[in-house]
Amino acid sequence: MYANRDFRIIKNAIDIDKFAFDKEKRIHKRKELKIDNKVVIGHVGRYCYIKNQLFLIEILKKVLEKGNNYHLLLIGQGEDQSKLEEKIQQLNLQNNISLLIDRSDVAELYQTMDIYIMPSLFEGVPVSGIEAQANGLPCIMSNKISTEILITPTTKMLDLKLGADIWAEQILSTNLERNRNAKEQVKDAGYDIKTESLKLQNWYLELYQNLKNQ
């Protein structure tokens, strides 16, 4: 029925320049948040069961057993906020975790991070994962996320079944150097909004011309 119909796949692209690494913004924002002397683990996502932030808090606890200079930024909002606050209190991590609620400066907050973690229980291609990679961050993603999220060579997947100890070890052993080729790699993967919007525009023009010629 649809065999002869033309179609294109347009990826859920981002403004790469907006999320690209900026050293000056990093310095300013880290001072503002009073985390300039910390190794910052970052996560952006709705506070909910699927995103699995409770597990991420457990991971941080394991990380801190081996290195007390780490800080976790959880950026978002959602129905699990009270659960997260309770878990933080339970594990006595109030000084090691910042819940940043409903922020309008997310692009700048990526600059403050040293590593990005997504332990989702299931997910397609999360936009925040693309944004983090565009910033050049080393990323550790759950193996329950679509493998399409593997854009840059500094992004890895880890099995949730391995538990918090192994996730913590992976964080501690990760090279935290920024990926200098991130912008180009994300663009080449088809996630640059400028390139993708131009493709969409050209496709519409093509369809319009084809319709006129019928």
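Buried means under 20% relative accessible area, exposed over 50%, and partly exposed in between, with a 1.4 Å probe and protein chains only. The model is predicted: local features need pLDDT of at least 70, side-chain atom pairs count only at pLDDT 80 or more, and totals for chains, interfaces and linings use all residues. Residues are numbered from 1 along each chain as its sequence is written, and side-chain values use heavy atoms, with hydrogens and water left out.

**Exercise 1.** Determine how many disulfides there are and whether Cys48 and Cys139 are buried or exposed.

Solution. A disulfide is taken as a pair of cysteine sulfur atoms within 2.5 Å. By this rule the count is zero. Cys48 is in no disulfide, its nearest cysteine sulfur being that of Cys139, 19 Å away. Cys139 is likewise in no disulfide. Next, apply the burial cut-off: Cys48 has a relative accessible area of 10% and is buried. Cys139 is buried too, at 1% relative accessibility.

**Exercise 2.** Describe the setting of His71.

Solution. Start with the strand: His71 belongs to β2, residues 70–76, where strands are DSSP runs of E with at least two residues, numbered from the N terminus. Its relative accessible area is 6%, so His71 is buried. Then list contacts, meaning heavy atoms within 4.5 Å. Leaving out residues up to four places away in sequence, His71 touches Ile35, Lys38, Val39, Val40, Ile41, Asn95, Asn96, Ile97 and Ser98.

**Exercise 3.** Locate Phe122 and classify its exposure.

Solution. Phe122 sits in the loop between β4 (115–118) and α6 (127–134), helices being DSSP runs of H or I with at least four residues. With a relative accessible area of 46%, Phe122 is partly exposed.
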